[in-house]
Amino acid sequence: MTSAAAVEPLLAVEGLRVEFPTRRGTLVAVHDVSFTIAPGEVLGVVGESGAGKSLTGAAIIGLIDPPGRIASGIVRLAGRRIDNLPYDAMRLVRGREIGAVFQDPLTSLNPLYTIGRQLVETIRTHLPMGETEARRRAVALLEEVGIPAAARRIDHYPHQFSGGMRQRVVIALALAANPKLIVADEPTTALDVSIQAQIIALLKRLCREHGTAVMLVTHDMGVIAETADRVAVMYAGRIVEIGPVHDVIHRPQHPYSVGLMGSIPSIVEERERLTQIDGAMPRLTAIPPGCAFNPRCPHAFDRCRLERPELLPAGATMAACWLRLQ
Amino acid sequence: MSPDNTLLELRNIARYFDVSPPWLDRILERRGRVTLKAVDGIDLAIRKGETVGLVGESGCGKSTVARLIVGLYAPTRGSIRYDGVTIAGEGVTGDARALRLARRGMQMIFQDPYASLNPRWRVADIVAEPLRAHAPATPRTELDERVVALLLQVGLAAADGAKYPHQFSGGQRQRISIARALSTNPHFLVCDEPTSALDVSVQAQVLNLMRDLSRTLGLTYLFISHNLAVVHHIADRVGVMYLGRIVELAPTRELFANPQHPYTRMLLDAVPDLEMTGKSRVAVAGEVPNPLDPPAGCTFHPRCPYANERCRREVPKLRAVGGDAHGEAACHAVEEGRLPPRAIPLAVA
């Protein structure tokens with residue numbers, strides 16, 4: 001499902017830059033990030049902590065905490081520019097057109113309200129429905145996300161649900177107004193592996209049935225491998241490689257992607273040593289000139305230390321690496 | 001499996017926690033005491049030089065096992081023997097010197113490298129602390145030399161000893177934790193999720209380091225993790241825990257290629273793997289039950305597709321299964337041979 005060539009992308013991000021002004025100067029957390037998501041497509045965004053993947057997601061849904069701000073770039077949803085909308089207008093986009101699922105299901109729900117009240121409120125904010133009708137829809141949503149005895153459970157409070165069930169409720173909330181896009185930021189990271197499998201299967205099924213596109217932000221390559229159609233690998237605030245999931249996993253082009261794939265232990269393959277990328281990702285205050293990966297890269301040469309590579313076609317994917325030009 | 005080779009032995013070890021509400025609440029609400037059986041009867045022998053992995057989902061009691069071994073908790077029942085000395089539980093040795101020596105031989109590495117290092121201490125002091133505790137007579141110069149050697153051994157620089165923990169990244173902090181653990185020349189390391197707080201590329205560095213150290217120093221590890229792939233990579237044998245008990249214990253290759261217990265099979269099917277692009281895995285029904293009120297009989301029976309009347313009544317014991325080469329599983333269905341072959345065997349790459 002390569003949809004990079006699709007005529008009308010659902011989400012188009014161009015040159016996104018997120019900055020944090022600090023006393024010691026401006027930190028650029030997301031640097032010139034561009035990508036598209038086609039309707040119904042699942043785009044995985046991977047990277048290690050501090051790579052800027054969550055901030056990219058937050059920028060799209062307009063939830064960057066001040067003093068952080070989108071310094072430049074354009075975010076278009078179905079052709080309409082949404083990055084410069086006023087707060088109230090963005091509130092209506094969020095929920096109605098873009099749903100959000102966050103890592104910790106306990107903090108995404110209000111502990112003082114029953115989940116039914118939260119669902120009904122969300123539904124009525126975005127859809128022209130009366131109380132009874134909204135409640136009926138809420139029960140149907142809960143049933144759809146696999147909550148047993150939904151008609152009874154709807155009057156329970158978040159603390160009465162287990163972690164996995166809470167994440168199902170959060171997904172029901174995200175789907176409440178039938179959005180075209182869901183931004184899911186580490187939706188399974190807080191969950192045990194058996195529950196994780198349930199939530200992934202659920203997200204996949206719902207998005208297929210509703211035709212919802214997903215931007216799936218996670219550090220877990222395994223989750224991406226079985227969920228995403230395309231994947232973007234982020235490093236130090238930039239996308240270093242983007243392409244169809246199978247190609248990025250099995251034929252990665254950027255040395256960082258190669259190292260990342262090799263460093264993941266597998267349950268089927270036996271290896272004496274894991275591929276090791278020495279060092280750590282640079283801090284935002286000390287991003288090296290040229291390619292940000294050059295101090296850790298086994299193949300770095302002079303050009304890498306001076307000039308920053310742009311995303312260029314490399315095999316089946318796009319990679320930001322000078323090696324691919326040779 | 002000669003018994004002489006055993007370094008650590010857990011015999012029917014259990015740890016209960018009293019999690020009752022306060023006395024007055026109990027009286028007013030007419031409720032009794034509440035006991036959490038975090039670990040409920042575990043037998044495990046670890047041989048010299050091997051790495052035993054312990055996996056399970058949150059709340060299964062794997063960290064409690066780690067804490068029991070290093071003496072952070074006292075066992076409610078059972079005993080722990082280390083290198084021929086009973087160090088905890090029933091029949092604990094009265095010989096304080098032997099106990100101290102045994103304790104010196106084992107160290108622990110914790111999950112969170114941010115919380116387990118004192119932020120106000122310099123790295124050199126952190127690394128030297130176990131030595132100061134166990135060998136207070138060590139001269140200052142010898143201590144300094146030892147610290148430098150340890151820092152170099154874990155891939156840090158000698159000059160790093162003068163820095164504070166906040167000057168290091170997560171992976172480097174975990175290296176400091178490892179250096180501290182190695183300072184008393186231990187034979188046995190208990191590692192409780194040592195890489196769970198780290199990014200994958202840094203996790204690979206730490207796992208490679210731990211493997212190198214086990215080879216060069218002949219260390220024995222108990223490696224606790226919720227990540228099956230990590231355990232598959234590092235362990236020689238793996239124990240799978242569920243609600244305070246070990247449900248399967250087998251050599252790593254056997255356990256992953258030919259899992260016996262339905263819970264192990266379920267866990268393996270649930271692990272996302274890079275090889276699984278585009279394939280969908282079998283989602284498992286149900287969740288871990290409340291450990292305060294575990295089901296009777298086999299605690300896995302409410303989620304198990306093969307459960308019958310016996311499973312609901314009788315607690316299964318760990319028994320040898322699947323021939324000599326395999327290991328042990330605690331399952332009536334396996335024992336009675338009514339478990340079908342594994343439904344979806346993973347393609348071995």
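Start at residues 345-349 of chain B, where pLDDT stays under 50. The model is a predicted one, and for this stretch it has six contacts beyond four places in sequence. Chain B as a whole averages a pLDDT of 87, and 93% of its residues score at least 70. If you go through the elements of chain B, strand β3 (residues 51-55) has the highest mean pLDDT, at 95, and strand β11 (residues 319-321) has the lowest, at 86. For the complex, the predictor gives an ipTM of 0.80 and a pTM of 0.85.

Now look at where the two chains meet. On one side there are 41 residues of chain B, in contact with 39 residues of chain A. Three helices of chain B give two or more residues each to this side: α7 (200-217), α8 (228-234) and α10 (262-270). The most comes from α7(B), which puts in eight residues. Sort the chain B side by residue type and you get 21 nonpolar, 13 polar and seven charged.

Let's move over to chain A. Chain A has 12 helices and 12 strands, and its C-alpha atoms fill a box of roughly 65 × 50 × 40 Å along the principal axes. How does its radius of gyration fit with that of a compact globule? A compact globule of 326 residues would come out near 20 Å, and chain A has 20 Å, so the two agree. Buried residues account for 51% of the 326 residues in chain A. Take the contacts in chain A between residues at least 6 apart in sequence, and 63% of them join residues at least 24 apart.

To find your way around chain A, look for its open sheet of eight strands. Going across, the order is β6-β7-β8-β3-β9-β10-β12-β11 (chain A), and the pairing is mixed. The edges are β6 (98-101) and β11 (312-314) of chain A, each of which pairs on one side only. From one strand to its neighbour there is a turn of 20° on average, ignoring direction. Within the sheet, strand β3 (residues 42-46) of chain A runs parallel to strand β8 (residues 213-217) of chain A, and four bridges join them. Here you can spot Val45(A) standing opposite Val217(A) in β8(A). Helix α7 (residues 163-175) of chain A packs on this sheet and touches β6 and β7 (181-185) of chain A. The direction of α7(A) makes about 170° with that of β6(A).

Another helix of chain A to visit is α1 (residues 53-60), which is mostly covered, with eight of its eight residues buried. Among them are Leu55(A) and Ile60(A), and also Lys53(A), Ser54(A) and Thr56(A). Just after α1(A) comes Gly62(A), with a positive phi near 70°.

Back in chain B, there is a helix with a mix of neighbours to trace. What do the buried residues of helix α4(B) pack against? They pack against α5 (140-153) and α6 (170-182) of chain B. In α4 (residues 123-134), these buried residues are Val123(B), Ala124(B), Ile126(B), Val127(B), Ala128(B) and Leu131(B). In an α-helix, residues three or four places apart point the same way, because there are 3.6 residues a turn.

The loop between α5 and α6 of chain B holds Tyr164(B). Is Tyr164(B) buried or partly exposed? Tyr164(B) counts as partly exposed because 15 other C-beta atoms lie within 10 Å, while a buried residue needs 20 or more. Leaving out residues up to four places away in sequence, Tyr164(B) touches Pro119(B) and Arg122(B). Its C-alpha atom is separated by 8.9 Å from that of Ala124(B), 40 residues apart along the chain.

Finish with a group of strands in chain B. Strand β9 (residues 237-242) pairs with β10(B) in the antiparallel sense over six bridges, and Arg237(B) stands opposite Pro251(B) in β10(B). The two strands form a hairpin with two residues between them, and Leu243(B) in the turn has a positive phi of about 45°. Strand β10 (residues 245-251) of chain B is mostly covered, with six of its seven residues buried. β10(B) also pairs with strand β12 (residues 327-329) of chain B, antiparallel over two bridges. There, Leu249(B) has Glu328(B) in β12(B) as its bridge partner.

Notes
Residues numbered from 1 in each chain as written. Chains lettered and ligands numbered in written order. Predicted model: local features only at pLDDT ≥ 70, side-chain atom pairs only at ≥ 80, totals over all residues. Buried ≥ 20, exposed ≤ 12 C-beta atoms within 10 Å, placed from the backbone. pLDDT = per-residue confidence, 0-100. Contact = placed C-beta atoms within 7 Å. Nonpolar A, V, L, I, M, F, W, Y, C, P; charged D, E, K, R; others polar. Rg over C-alpha atoms; globule rule 2.2 N^0.38 Å. Pairing = 2+ DSSP bridges. Axes fitted to C-alpha atoms, helices over the stretch in contact; angles between N-to-C directions.
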